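Let's take a walk through this one together. Have the sequence and the 3D view open, and we'll go from the ligand to the strands.

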Amino acid sequence: MKTSANQLKSRKGLIAALDVGTTKICTLIARSDVERGLSGEVQPRIVGVGHQVSGGVRNGAVIDLDAAEQSIRAVVEAAEQMAGENIGSVVVNLSGGRQQSRLIAYEVSIAGHEISDADIRRVLDPVSLAGEVAEDREFIHTIPVGYTVDGNRGVVDPKGMFGERLSVNTHIITALRGPLRNLETAVSKCHLGLEDVVVSPYASALGCLSDDEKKMGVTCIDMGGGTTSVAVFFDGELVHTDSIRVGGVNVTNDISRGLVTPLVHAERMKTLYANALPSEKDDLQVIQVPAMGDNETGDGNTVPRSMLVGIVRPRIEEIFELLRDRLRESGFDKVAGRGLVLTGGASQLAGAPEVAARILDKQVRRGRPITMDGMPEAAAGPTFATCVGLLRYACGHRADEPDHGLGVTAEPEGRMGRIGQWLRENF
Ligand SMILES: Nc1ncnc2c1ncn2[C@@H]1O[C@H](COP(=O)(O)OP(=O)(O)OP(=O)(O)O)[C@@H](O)[C@H]1O
Ligand SMILES: [Mg+2]
């Protein structure tokens, strides 16, 4: 059962985040009622952590319910043991489901009276947005990204203002129902309720971006094992997401095939010696390449390091070129300015930031999870960005986002047209 972010914000006690990744599953349990900040917001303290190799997940989607259930169960039990408490539900990320991200504009009549909460609810009503989602899809997020009152743009909070027409640009993210149900089923098989579902690029961005970056505009790329996903922020709000089904696993497979070596050694070589940037010294260094079928001794051929770089580099370039082209196509390549944050396990590849900077023409930094109280060393690396982001989301980061139920069928009324509108208005 989904609950609204508002409920989550006020909920005391335990909050649990579950990141179902292609290569690893991890969970963080936090206590949200220990302390409150000056403005009264929840200051959670992490009390439990669990992580392990994932099972039953491919390119971010659950493909084997039993295997996924087993690994989720093991991870949650480890975190519960550490916390000394049991959890009843989790906030989980969704990576699969062929997600679509769109901005749509919608307008309602105010007829000169003072704009109330009811008017704002009306303009954000899922019924109004229903025509925007196909039969086989569900809303995952509906995020207001800017109100206009009688043509005056840039209104942050229209409540209490007077006017004839109130309009809002809403960022809607939808996903195919099947993959969403598979994720929900894997979680519920572990006797866990589902507090909320957050798309992975959104969670990763919340996990490692500063408020200033989000305000000034920034692009965040999560380089995972089976997916690489993008989140674009502008004026503090998430305005675009995208994802491709390529990641670190493909790099490892390329090495294994290219050097004819077992996957386990390909993975090791990748983390120890690979680089997405060539260097003059690459020809002088030699690396051991254990032969196929020899997982034990590690004996085998030697090759120059340039050969490894020659395998890894085109794949990394391909990933960033694909993302660059898709960002251009969406119109969001320039929107967020030049800041780019790379996170996720595969972003640790040497040379990845430099290649991203060149291809996407941005200024790049590596993104590690924002530190939280009680955060153990194990959760400090970029593979934990998504999980930390889920926790931050659960603690009310998106408390103003209305919860949109499912199964809405009514035709939209007063819709101003498919987007392009927001981009036209703002740029
Ligand atoms: N030092 C490193 N250099 C290069 N790649 C690395 C390094 N450390 C980890 N990786 C890669 O990071 C990937 C895992 O990253 P991460 O844990 O973020 O993915 P995931 O969440 O399981 O997958 P996804 O988000 O795609 O579902 C693996 O492909 C792994 O090989
Ligand atoms: Mg991931």
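How far is an oxygen atom of ligand 1 from an N or O atom in the side chain of K270? In this predicted model, the two are 2.6 Å apart. K24 does something along the same lines: a side-chain N or O atom of K24 sits 2.7 Å from an oxygen atom of ligand 1. With G225 it's the backbone that takes part, placing an N or O atom 2.9 Å from a ligand oxygen. On its own, ligand 1 would expose 650 Å², and the protein buries 88% of that.

Now look at who makes up the shell. There are 20 residues around ligand 1, and those that come nearest are T22, T23, K24, E267 and K270. By class, the shell holds 14 polar residues, 3 nonpolar and 3 charged. Helices α8 (248–259) and α9 (263–273) are the elements that give two or more residues to it, and α9 gives the most, with 3.

Next, the strands. β13 (residues 228–234) is largely enclosed by the rest of the structure, because 6 of its 7 residues are buried. On one side, β13 pairs with β12 (residues 218–223) in the antiparallel sense over 6 bridges, and a hairpin of 4 residues joins the two. β13 also pairs with β14 (residues 237–244), again antiparallel, over 7 bridges. That second hairpin has 2 residues between its strands, and D235 in the turn has a positive phi of about 55°.

T228 is a handy residue to click on: T228 is the bridge partner of M223 and stands opposite I244 in β14.

Conventions: Residues are numbered from 1 along each chain as its sequence is written. Chains are lettered from A and ligands numbered from 1 in the order in which they are written. This is a predicted model: local features need pLDDT of at least 70, side-chain atom pairs count only at pLDDT 80 or more; totals for chains, interfaces and linings use all residues. Side-chain values use heavy atoms; hydrogens and water are left out. Buried means under 20% relative accessible area, exposed over 50%, partly exposed in between (1.4 Å probe, protein chains only). Two strands pair if DSSP finds at least two bridges between them. A residue is near a molecule or strand if one of its heavy atoms lies within 4 Å of it. A polar contact is a pair of N or O atoms within 3.5 Å; within protein, one must be able to donate a hydrogen and the other to accept it, and residues adjacent in sequence count only if both atoms are side-chain atoms. Accessible areas come from the Shrake-Rupley method with a 1.4 Å probe; for residues, only the protein chains shown count as cover. Ala, Val, Leu, Ile, Met, Phe, Trp, Tyr, Cys and Pro count as nonpolar, Asp, Glu, Lys and Arg as charged, and the others, Gly among them, as polar.
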